[in-house]
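Work through these exercises with the structure open beside you. Try each task before you read its solution.

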Amino acid sequence: MSTMVRFTRVTKQYPKGVTALDEVSFQLNRGEFAFLTGPSGAGKSSILKLIFVEEYATSGEVKVIGQSSVTLTPKNIPVLRRKLGVVFQDFRLLPDRTAAENIAFALEVTGAPPSRIDPKVLRVLEQVDLREKAEARPHELSGGEQQRVAIARALVNDPLLLLADEPTGNLDERSARSILDLLREINRAGTAILMATHDLALVRATSFRTLELHHGRLVFDSSTITSDATATRPGGSPS
Amino acid sequence: MRLALREALLAFRRAPMLSVLSITTIAFSLFAFDLFGLVALNLRSALRQVESRVEIRAFVAEGTRADAASAAVGDVQAFPEVERVTLVSETEALDRARRELGEFEDVFESGILPASIEVRLREGFRAPDQVRAVAERLAQYDFIDDIRYGEEWVEKLYRLRTIATFVGIALGTTFALVSIIIIGSTIRMAVLARAREIQVMRLVGATRGFIRAPFLIEGLLKGLLGGVIALGLSFVTYAALERLVIQAEFFGFGHSILGLLAGALIGFLGSAYSVDRHLRRVA
């Protein structure tokens with residue numbers, strides 16, 4: 001299965017008639033790294049929420065790792081989520097647990113055998129370069145370190161796809177860079193990554209694919225530039 | 001399951017004040033419930049005692065042959081409703097009257113009191129209609145003169161019991177509902193206090209059952225603990241009343257266990273309600 005995510009004319013409307021996404025279609029392949037950009041409220045978070053089924057599309061189809069939103073049952077949601085990792089701007093760590101316990105929690109609550117928990121936690125802590133902070137609680141860690149713990153937690157179940165919603169939004173430039181470097185490393189190891197950000201400097205520092213949203217519409221996809229000459233940046237000349 | 005239990009116990013340690021508060025609340029609402037149960041229990045046993053005195057007395061006409069009366073006693077004894085039948089002869093009636101009303105001993109002359117057939121009904125056959133039915137059958141013997149069974153008295157007793165039962169059920173249900181709501185809201189506080197954990201659990205793909213389990217166990221334990229405290233408080237109240245005011249009865253073993261199970265069930269339901277509501281809202 002080479003397609004991780006496929007959106008087919010996906011529209012998402014919220015109860016008060018706000019249209020967050022308007023007929024969005026795109027595809028993300030296995031092992032790919034893509035940025036979702038656009039101003040706040042453009043629909044970046046909505047796309048991520050539809051992928052990890054925090055929300056449902058109003059119309060259209062969202063297909064994630066072979067599972068279509070059309071046939072998805074509530075029972076299948078946890079199964080799907082175990083194949084995904086998600087990180088957020090606000091880290092979402094449990095404040096009363098250590099870094100290691102926060103990571104172990106993700107394994108425990110998905111029923112991993114206890115004997116496999118410690119080695120896995122250690123492995124991902126090493127991967128995010130936080131081995132010596134294993135026993136620190138979130139408030140004892142810097143923002144960048146907290147995000148690393150969150151990433152480690154997202155990685156511990158060996159996801160095929162990592163979703164990151166403004167993971168650098170709360171970080172200074174240096175920490176942001178190092179988080180991006182970490183994500184690139186993870187991507188090199190084979191995990192597909194979809195990262196929402198409005199930090200264009202960060203996006204420009206890489207050559208990864210960029211999907212740009214505006215008012216819920218997908219207005220730019222860098223991967224189509226070569227094959228589809230009509231793709232334009234907003235403000236550019238429409239075809 | 002072990003993890004769920006650990007998380008449930010951890011919840012007590014993480015939020016001791018909240019736990020104490022919810023257990024106390026549960027204990028007091030169950031205490032109110034138990035107190036009412038005690039009143040109902042004692043009312044019922046008092047009624048049962050009074051009821052056991054319900055008796056049909058059929059007076060035998062003068063000059064009836066003894067063997068006819070004895071044969072009737074045999075027949076009546078065979079009625080399924082009947083516990084015991086006694087034939088009280090004229091002499092026995094006189095003896096009894098003299099014994100019971102000693103000071104008027106001389107007033108009674110032989111032959112003044114009629115012989116009678118006394119019928120006691122089995123438990124469960126003492127309702128007014130049933131008593132009347134047996135009385136009517138007795139009246140069919142032509143040597144029976146008159147029948148007394150305290151008609152109005154039996155009916156009043158029964159009405160009282162019916163009212164007590166209905167009031168008991170209504171109040172009991174109300175208290176149970178109030179308990180469920182109270183437990184529901186204390187568990188809700190616990191759920192909200194752990195909203196972050198629930199969020200993370202959902203995010204990493206924990207199943208719904210897995211997320212609910214620690215809360216359900218927590219609710220169950222709180223309900224059970226509240227039930228134990230309530231039962232203790234009720235016992236103290238009962239003991240004080242027993243000593244100072246009136247002889248009373250306490251819950252038997254079965255009723256006590258039932259009370260504890262009710263506490264656990266209420267805790268379970270209250271927390272199931274809260275967790276599901278929360279999960280529905282965030283999902």
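**Exercise 1.** How many residues does chain A have, and what percentage of them count as buried?

Solution. Remember that this is a predicted model. Start with the length: chain A has 239 residues. Next, apply the cut-off: a residue is buried if 20 or more other C-beta atoms lie within 10 Å of its own. By that test, 39% of chain A counts as buried. Then list the elements: chain A holds seven helices and ten strands.

**Exercise 2.** Find the open sheet of six strands in chain A and give its strand order.

Solution. Read across the sheet: the order is S6-S7-S8-S3-S9-S10, and the pairing is mixed. Now find the edges. They are S6 (84-88) and S10 (217-221) of chain A, each pairing on one side only. On average, neighbouring strands are turned by 20 degrees against each other, direction ignored.

Zoom in on one pair. S7 (161-165) and S8 (192-196) of chain A run parallel, joined over five bridges. Here A:Leu163 stands opposite A:Leu194.

Finally, add the helices. H5 (143-155) of chain A packs on the sheet and touches S6 and S7. H6 (173-188) of chain A also packs on the sheet, touching S3, S7 and S8.

**Exercise 3.** Which elements of chain B give two or more residues to the side that touches chain A?

Solution. Count the contacts: 13 residues of chain B meet 13 residues of chain A. The elements sought are H1 (2-14) and H7 (195-203) of chain B. H7(B) gives the most, with six residues. Sort this side of chain B by class: seven residues are nonpolar, three polar and three charged.

Key
Residues numbered from 1 in each chain as written. Chains lettered and ligands numbered in written order. Predicted model: local features only at pLDDT ≥ 70, side-chain atom pairs only at ≥ 80, totals over all residues. Contact = placed C-beta atoms within 7 Å. Helix = DSSP H or I, 4+ residues; strand = E, 2+ residues; numbered from the N terminus. Nonpolar A, V, L, I, M, F, W, Y, C, P; charged D, E, K, R; others polar. Buried ≥ 20, exposed ≤ 12 C-beta atoms within 10 Å, placed from the backbone. Pairing = 2+ DSSP bridges. Axes fitted to C-alpha atoms, helices over the stretch in contact; angles between N-to-C directions.
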